[in-house]
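Visitor: I've never looked at this one before. Could you walk me through it, one question at a time?

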Amino acid sequence: MKLSELLPHLIYDFKSEADLIRAIDEISLKFTKEREKIGDYLKDPRLVAAYTAFYLLTNIPKLEEVLKWMPNEWVDELKECDFVDLGAGPGTFSLAWKNLGGKGTYYQVEKSAMMREQGLKLWKGFHSTELFQSGNYTWNNERPKVVLFGHSANEMGSRVAIDYLEKIRPEHVLFIEPGTKSFFSEMLTIREYLLGQKYEVLFPCPNEGKCPLSGKDDWCHQFIYVEQDSEIERISQMARKDRRLLPLTVHAYSRSYKGQNPQERLVRVFPETKFSFEWEVCHQNQIERYQIMKRDLSKSEAKEIGAVLAGAALETELLKSLESYKRVKILKLK
Ligand SMILES: C[S@@+](CC[C@H](N)C(=O)[O-])C[C@H]1O[C@@H](n2cnc3c(N)ncnc32)[C@H](O)[C@@H]1O
């Protein structure tokens with residue numbers, strides 16, 4: 001979706017590009033430095049429209065990238081379920097899901113009336129199918145549901161997120177949240193709840209065991225690289241916001257899907273040295289430092305390995321175990 005296609009469906013008419021960029025700056029400040037005032041933007045049509053123009057458009061491409069980490073058969077199963085966009089905002093992930101072929105009924109759970117108004121206007125502008133929004137339905141369990149929290153569990157907190165999960169009792173749950181340390185501890189609380197409800201974790205953990213970073217001054221998050229449309233790329237540059245290389249916290253759970261999780265996942269990429277790539281990897285619930293020697297790689301292999309981001313699944317062969325790290329050979333990357 002392009003910015004020019006979206007503008008006619010906004011609830012506020014920006015006088016100029018400079019006017020839009022000023023509003024983006026204001027929201028960004030609330031997300032990063034003025035967290036205590038984070039709710040303010042939800043009451044102002046100008047800021048809701050700016051969120052939609054900038055964050056909805058730059059968040060939509062995340063979903064396709066995130067789904068590449070998931071098992072294909074699971075994604076096919078999800079597309080048959082009803083879709084619950086939780087903390088939907090203007091309906092970012094409902095629109096993204098619909099574009100990717102999600103066939104079920106669409107629900108948007110959103111506390112801000114202004115965001116709901118923006119969400120409805122957009123949905124009607126682009127789709128003719130019915131949309132249910134907070135307040136105009138009651139939950140039933142006739143059909144399996146997938147709940148997606150998109151940058152919302154961090155705003156509502158783990159207790160409220162868990163209350164929603166208790167009410168909806170979905171078959172599958174996906175989180176696409178900010179890659180921050182403060183959200184990670186909230187995510188661990190939600191993980192514990194879901195595992196207690198007999199969900200299996202599909203991403204990022206190798207299994208349901210204890211997270212090795214729980215209680216540590218460190219956190220597990222991922223990075224994706226997304227190509228943005230040229231119109232939005234121009235706005236990003238003018239607002240001095242990088243929306244291509246994005247840190248995020250992704251978690252995926254299911255009650256019914258049984259898969260074989262990868263046993264090794266890249267948690268952190270350290271600066272490469274002249275001779276090696278240096279990674280931190282979660283290997284069967286242990287954090288380990290891996291070293292991959294450049295001399296063992298062809299030019300194209302080195303290029304591929306140099307571009308890998310945290311979140312990738314790996315298969316490796318152990319070459320040498322040293323005191324503080326393991327020297328490995330990469331057999332497979334996903
Ligand atoms: C940063 S926006 C994310 C919007 C959209 N999901 C996206 O990813 O672009 C977070 C949204 O969560 C909503 N939210 C926060 N707490 C909520 C709650 N308790 N119930 C429903 N929505 C909530 C906010 O109103 C806001 O629209």
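Visitor: Let's start with a pair of strands: how many bridges join S12 to strand S13?

Guide: Keep in mind that this is a predicted model. S12 and S13 form a hairpin, with 4 residues between them. One pairing to look for is Leu-314, whose bridge partner in S13 is Leu-333. The two strands run antiparallel, and the number of bridges joining them is 7.

Visitor: And on the link from S9 to S12, which residue is the bridge partner of Arg-265?

Guide: Strand S9 covers residues 264-269, strand S12 covers residues 313-321, and the two run antiparallel. They are joined by 2 bridges. In S12, the partner of Arg-265 is Ala-313.

Visitor: In what order do the strands of the closed barrel run?

Guide: We've just met two of the links: S9 with S12, and S12 with S13. The closed barrel has 5 strands and mixed pairing. From one strand to the next, the twist averages 55°. The order is S9-S10-S11-S13-S12.

Visitor: Now strand S2. Which of its residues point the other way from Tyr-106 and Gln-108?

Guide: In a regular strand, side chains alternate between the two faces of the sheet. S2 spans residues 106-109, and its residues Tyr-106 and Gln-108 point one way. All four named residues are buried, and the two pointing the other way are Tyr-107 and Val-109.

Visitor: What stands opposite Val-84 in S2?

Guide: Strand S1 takes in residues 82-86. S1 and S2 pair in the parallel sense, over 4 bridges. Opposite Val-84 stands Tyr-107.

Visitor: Which helix gives the most to the largest nonpolar core?

Guide: Nonpolar side chains tend to be buried together in soluble globular proteins. The largest core here has 76 residues, and among those touching the most other members are Ala-50, Tyr-51, Phe-54 and Val-84. With 12 residues, the top contributor is H3.

Visitor: So where does this core lie relative to domain 1 and domain 2?

Guide: Domain 1 runs over 3-254 and domain 2 over 264-333. Both of them give residues to the core, so the core lies between domain 1 and domain 2.

Visitor: Is Ile-60 buried or exposed?

Guide: Ile-60 lies in helix H3. A residue needs 20 or more other C-beta atoms within 10 Å to count as buried. Ile-60 has 22 such neighbours, so it is buried.

Visitor: Which element gives the largest share of the shell around the ligand?

Guide: The ligand is surrounded by 20 residues, and the closest include Gly-87, Thr-92 and Ser-152. Two or more residues each come from helix H3 (45-67), helix H5 (92-99) and helix H7 (153-156). The largest share is 3 residues, and it comes from H3.

Visitor: How many residues of that shell are charged?

Guide: The shell around the ligand divides by residue type. There are 9 nonpolar and 8 polar residues, and the charged ones number 3.

Visitor: Is Arg-169 buried or exposed?

Guide: Most residues other than glycine have a negative phi. Arg-169 is not a glycine, yet its phi is positive, about 45°. It sits in the loop between helix H8 (158-168) and strand S5 (172-178). An exposed residue has 12 or fewer C-beta neighbours within 10 Å, and Arg-169 has 12, so it is exposed.

Visitor: What is the phi of Gln-284?

Guide: Look in the loop between strand S10 (276-283) and strand S11 (286-293) to find Gln-284. With 12 C-beta neighbours inside 10 Å, Gln-284 counts as exposed. Although Gln-284 is not a glycine, its phi is positive, at about 45°.

Visitor: Is the peptide bond from Phe-203 to Pro-204 cis or trans?

Guide: Most peptide bonds are trans. Pro-204 is found in the loop between strand S6 (200-203) and strand S7 (222-225). The bond from Phe-203 to Pro-204 has omega near 0°, and it is cis.

Visitor: Last one: what separates the C-alpha atoms of Arg-244 and Glu-192?

Guide: Arg-244 lies in the loop between helix H10 (230-238) and strand S8 (245-254). With 14 C-beta neighbours inside 10 Å, Arg-244 counts as partly exposed. Arg-244 and Glu-192 are 52 residues apart along the chain, and their C-alpha atoms are separated by 31 Å.

Terms used. Residues are numbered from 1 along each chain as its sequence is written. This is a predicted model: local features need pLDDT of at least 70, side-chain atom pairs count only at pLDDT 80 or more; totals for chains, interfaces and linings use all residues. Two strands pair if DSSP finds at least two bridges between them. Axes are lines fitted to C-alpha atoms, for helices over the stretch in contact, and angles run from 0 to 180 degrees between N-to-C directions. A residue is near a molecule or strand if its C-beta atom, placed from the backbone, lies within 6 Å of it. Ala, Val, Leu, Ile, Met, Phe, Trp, Tyr, Cys and Pro count as nonpolar, Asp, Glu, Lys and Arg as charged, and the others, Gly among them, as polar. A nonpolar core is a set of buried Ala, Val, Leu, Ile, Met, Phe, Trp, Tyr and Cys residues joined through C-beta atoms within 7 Å. Domain bounds come from an automatic or database domain assignment.
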